[in-house]
Amino acid sequence: RADDDFGIAEAKVHFRRGDAAAQSRPLPLPGTTQARQSLRTAPLLDLTAHPWAGLEVELWVGVTDAKGQEGRTPPTRVTLPRRVFEHPVAERIASLRRDLAADPANRLEVAPALREIAEAPDAFNHDMVVFMGLHVAISRLIYGTPPEWGQVVDLLWNLALRVEDGDL
């Protein structure tokens, strides 16, 4: 709920973990695109694919009025909801992804765990895309640079989805 004499122009949810930079996602505003003086809404924002899903974050909502003034809610600590994978390999990959997203220093523990998964292709139906993706992730974690480690987080999400849902 928000009220403003100049009208509400924009609303965003902001969240951060520890010292990491805050991330933001826009919240959809109901009604017309003109500024609203009063807003009552319960928007649905799906963050289950976010690398921090399943991890605790500090979260707040920020609102900007038509004059450019900003207001925000007090921050609160929440655990972002995460997708639950039914396939044990998909769940393991997603768990390793959370470990890597929580702290990139975990890459030296994540890489051997990914190698264990890759060495048992029966567990993911010998899917060559998953097999190759695991090896790319392992190589980037061992030999890559910090920006590449961030790309591995995205790659692991896609591999978990592939194992869970196939090539839908």
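Leaving aside its neighbours within four places in sequence, which residues is Glu58 in contact with? In this structure, which is a predicted model, the residues that Glu58 contacts beyond those neighbours are His14, Phe15, Arg16, Pro75, Thr76 and Arg77.

Let me stay with Glu58 for a moment, since I would like to place it before moving on. Glu58 sits in strand E4, which covers residues 56-65, and its relative accessible area is 18%, so with the limit for buried set at under 20% it counts as buried. One of its contacts is also polar, because the side chain of Glu58 pairs with the side chain of Arg16 at 2.8 Å, and the cut-off for such a pair of N or O atoms is 3.5 Å.

Turning to the partner, Arg16 belongs to strand E1, residues 2-16, and, with a relative accessible area of 28%, Arg16 is partly exposed, whereas Glu58 is buried. Not counting residues up to four places away in sequence, Arg16 touches Ala21, Ala22, Trp52, Val57, Glu58 and Trp60. For a sense of distance, the C-alpha atoms of Arg16 and Leu45 are separated by 16 Å, and these two residues are 29 apart along the chain.

Finally, a word on helix H1, which runs over residues 88-102. At 1.5 Å a residue its 15 residues should span 21 Å, and the end C-alpha atoms are indeed 21 Å apart, so the expected and the computed values agree. The buried residues of H1 include Val89, Ile93, Leu96 and Leu100, and also, among them, Glu91, Arg97 and Arg98. As for what they meet, the buried residues of H1 pack against helix H2 (107-118), helix H3 (128-143) and helix H4 (146-165).

Conventions. Residues are numbered from 1 along each chain as its sequence is written. This is a predicted model: local features need pLDDT of at least 70, side-chain atom pairs count only at pLDDT 80 or more; totals for chains, interfaces and linings use all residues. Side-chain values use heavy atoms; hydrogens and water are left out. Helices (H or I, at least four residues) and strands (E, at least two) are DSSP runs, numbered from the N terminus. The expected span of a helix is 1.5 Å times one less than its number of residues. Buried means under 20% relative accessible area, exposed over 50%, partly exposed in between (1.4 Å probe, protein chains only). Contact means heavy atoms within 4.5 Å. A polar contact is a pair of N or O atoms within 3.5 Å; within protein, one must be able to donate a hydrogen and the other to accept it, and residues adjacent in sequence count only if both atoms are side-chain atoms.
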